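Me: I'd like a close look at one part of this protein, with the neighbouring parts brought in where they help. Could you walk me through it in one go?

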Amino acid sequence: TNNARLQIKYSLKERGEMRLQILTEGGHAIRNLEATFKEAGSYTFEMNPFQLNLPPGDYMYRLDFAGKRYQRALKL
């Protein structure tokens, strides 16, 4: 079993609905990680990438919140 941990840290300036996803390098959403209502504050989403059943490689993660979209590179 692979015990590697991956952390995605983010901050929300106000309360509201948010969604966190993993995407292919081309921008296609392939996994929803979290979709919920949250209060303003700083958060850390922690997971074991092995449990996503995705091959190792280059991906992106996307945070949708308050009508805005934020993306960053992610290596699994």
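Me: Please start from the spot where arginine 19 stands opposite aspartate 64 in strand 5. Which residues are linked with Arg19 and Asp64 in a network of salt bridges?

Reply: Happy to. Keep in mind that this is a predicted model. Arginine 19 faces aspartate 64 of strand 5 across a strand pairing, and that pairing, between strand 2 and strand 5, is antiparallel and made of seven bridges. The two side chains also meet, in a salt bridge with 2.9 Å from N to O. Arginine 19 belongs to strand 2 (residues 16-24) and aspartate 64 to strand 5, so this pair ties together parts that lie 45 residues apart in sequence.

Aspartate 64 has another partner: its side chain forms a salt bridge with arginine 69, at 2.7 Å from N to O. That answers your question: Arg69 joins Arg19 and Asp64 in the network. As general background, side chains of opposite charge can pair when their charged atoms come close.

How exposed are the three? Aspartate 64 is buried, because its relative accessible area of 13% falls under the 20% cut-off. Arginine 19, at 32%, counts as partly exposed, and arginine 69 is also in the partly exposed class, at 48%.

Now follow the chain onward from aspartate 64. Strand 5 (residues 58-65) pairs with strand 6 (residues 68-75) in the antiparallel sense, over eight bridges. These two strands make a hairpin with two residues between them, and alanine 66, in the turn, has a positive phi of about 50 degrees. Further along the pairing, methionine 60 has alanine 73 of strand 6 as its bridge partner.

Leucine 74 is a good place to look in strand 6. With a relative accessible area of 8%, leucine 74 is buried. Its C-alpha is 4.7 Å from that of methionine 60, although the two are 14 residues apart in sequence. Leaving aside residues up to four places away in sequence, leucine 74 touches Leu6, Ile22, Gly57, Asp58, Tyr59, Met60 and Tyr61.

Let's go back to strand 2 and look at its pairing with strand 3. Strand 2 and strand 3 run antiparallel and are joined by eight bridges, with glutamate 17 standing opposite phenylalanine 37 of strand 3. The hairpin they form has four residues between the strands, and there glycine 27 takes a positive phi near 95 degrees.

Strand 3 (residues 29-38) also holds glutamate 34, which brings us back to arginine 19. Among the residues that glutamate 34 touches, not counting those up to four places away in sequence, are Arg19, Met18 and Leu20, and the list is completed by Tyr10 and Phe45. Glutamate 34 is buried, with a relative accessible area of 18%. Its side chain makes a polar contact of 2.9 Å with the side chain of lysine 38.

Lysine 38 in turn leads to a ring: it lies over the face of tyrosine 43, at 4.1 Å from the ring centre. Tyrosine 43 takes part in the one aromatic pair that the structure holds. Its partner is tyrosine 10, and the two rings are stacked, with 5.7 Å from centre to centre and 25 degrees between the planes. This pair links distant parts of the chain, since tyrosine 10 is in strand 1 and tyrosine 43 in strand 4, 33 residues apart. Tyrosine 10 is buried, at 8% relative accessibility, whereas tyrosine 43, at 23%, counts as partly exposed.

One more charged pair rounds off the picture. The whole structure has six salt bridges, and one of them joins glutamate 46 to arginine 5, the closest N and O atoms being 3.2 Å apart. Here too the pair links distant parts of the chain: glutamate 46 sits in strand 4 (residues 41-47) and arginine 5 in the segment before strand 1 (6-12), 41 residues apart. Glutamate 46 counts as partly exposed, at 40% relative accessibility.

So, to return to your starting point: Arg19, Asp64 and Arg69 are linked in a network of salt bridges, and the aspartate of that network is buried.

Key
Residues numbered from 1 in each chain as written. Predicted model: local features only at pLDDT ≥ 70, side-chain atom pairs only at ≥ 80, totals over all residues. Heavy atoms only, no water. Pairing = 2+ DSSP bridges. Salt bridge = Lys/Arg side-chain N within 4 Å of Asp/Glu carboxyl O. Buried < 20%, exposed > 50% of the residue type's maximum accessible area, 1.4 Å probe, protein only. Phe/Tyr/Trp six-rings, centres within 6.5 Å; stacked < 30°, edge-to-face > 60°. Lys NZ or Arg CZ within 6 Å of the ring centre and 35° of its normal. Polar contact = N/O pair within 3.5 Å; in protein donor to acceptor, adjacent residues only side chain to side chain. Contact = heavy atoms within 4.5 Å.
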